[in-house]
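Got the viewer open? Here's a short tour: what to select next, and what you'll find there.

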Amino acid sequence: MSRCRNCGVEVLDDTEYCPLCRGVLDKSAEDKNFVRFNEYPDIYTGLHRFSLVKRILFFIAAVVSVITVFLNITYARKPLWSIIVVYAVFYLFFTFCRFANERHQVFTKIALTVFWGFVYMVVIDAVFGFSRWSINYVLPSAIILIDSVLVILMIVDHRDFQSYMAFEIAMIGVGIVQMILLATEVVTSTAVSEVAFLMSIILFLGTLILGGRAARTEMQRRFHF
């Protein structure tokens with residue numbers, strides 16, 4: 001048995017850290033010499049180590065960012081290339097944290113990584129004058145990439161394919177935004193944008209029609225109609 005010097009609570013297992021305040025537990029003398037068998041693994045130690053790794057990586061990212069911004073402002077004020085470096089550093093940090101977290105669905109991790117990668121391309125485009133290559137080519141290419149990954153995942157996980165329909169609808173929504181930008185002449189590349197939008201619609205219709213009852217049930221569950 002252990003006792004937390006901060007909270008005063010007693011912990012009966014071999015956990016080294018208090019589950020409330022994360023402080024180090026004081027073990028009794030008899031508890032140090034007692035050997036336990038057939039216990040559940042101590043998950044708190046693994047979480048603490050992972051949290052420590054994240055804090056170290058975040059500190060490194062912050063230091064690199066501060067140094068980069070300082071050098072950029074001091075020696076080369078234009079263009080603000082430090083924005084690109086800072087974004088890249090934190091993009092890698094959050095990507096690592098995202099894929100190390102087992103609570104989220106694999107496709108959610110992939111989609112978020114692609115999305116923030118697209119935002120990174122927009123940042124680069126904006127820093128160097130915004131010639132619109134990011135929204136003309138990168139955005140529709142990202143839609144096509146995500147739709148392609150969706151097809152692969154639905155084939156692999158065919159018993160639960162309908163769970164990906166929400167992502168298909170989201171891609172149609174992004175495609176509609178792309179079409180609005182195209183109609184307002186913010187986006188000037190027609191072919192790639194139209195291919196991406198049509199691919200999203202065809203993928204959704206194919207899932208809805210070929211999926212039959214399972215697909216219709218998923219739509220009813222999502223939208224309550």
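**Stop one: a pocket**

Start by selecting A111, F115, I146, M171 and V174: among the 15 residues lining the second largest pocket, these lie nearest its centre. The elements giving two or more residues to that lining are α4 (106-127), α5 (133-156) and α6 (165-183), and α4 supplies the largest share, 7 residues. Colour by class and you'll get 14 nonpolar, 1 polar and no charged residues.

This is a predicted model, where local features need pLDDT (the predictor's confidence in each residue, from 0 to 100) of at least 70 and side-chain atom pairs count only at 80 or more, while totals for chains, interfaces and linings use all residues. Numbering runs from 1 along each chain as its sequence is written, and side-chain values use heavy atoms, leaving out hydrogens and water.

**Stop two: S65**

Now jump to S65 in helix α2 (residues 43-75). Is S65 buried or exposed? S65 is buried (under 20% relative accessible area, with a 1.4 Å probe and protein chains only), at 8%. Show its side chain: a polar atom there lies 2.7 Å from the backbone oxygen of A61. Leaving aside residues up to four places away in sequence, S65 touches V86 and F90 (contact is heavy atoms within 4.5 Å).

**Stop three: confidence**

Finally, colour by pLDDT. The chain's mean is 82, with 80% of residues reaching 70 or more. Helix α3 (residues 81-100) has the highest mean among the elements, 92, and helix α1 (residues 29-32) the lowest, 48. Select residues 29-40, where pLDDT is below 50. Where pLDDT is low, don't read the predicted coordinates in detail.

Terms used. 1 Å grid on protein atoms, 1.4 Å probe; cavity = no way out; pocket = protein on both sides within 12 Å on 5 of 7 lines; lining within 4 Å. Helix = DSSP H or I, 4+ residues; strand = E, 2+ residues; numbered from the N terminus. Nonpolar A, V, L, I, M, F, W, Y, C, P; charged D, E, K, R; others polar. Buried < 20%, exposed > 50% of the residue type's maximum accessible area, 1.4 Å probe, protein only. Polar contact = N/O pair within 3.5 Å; in protein donor to acceptor, adjacent residues only side chain to side chain.
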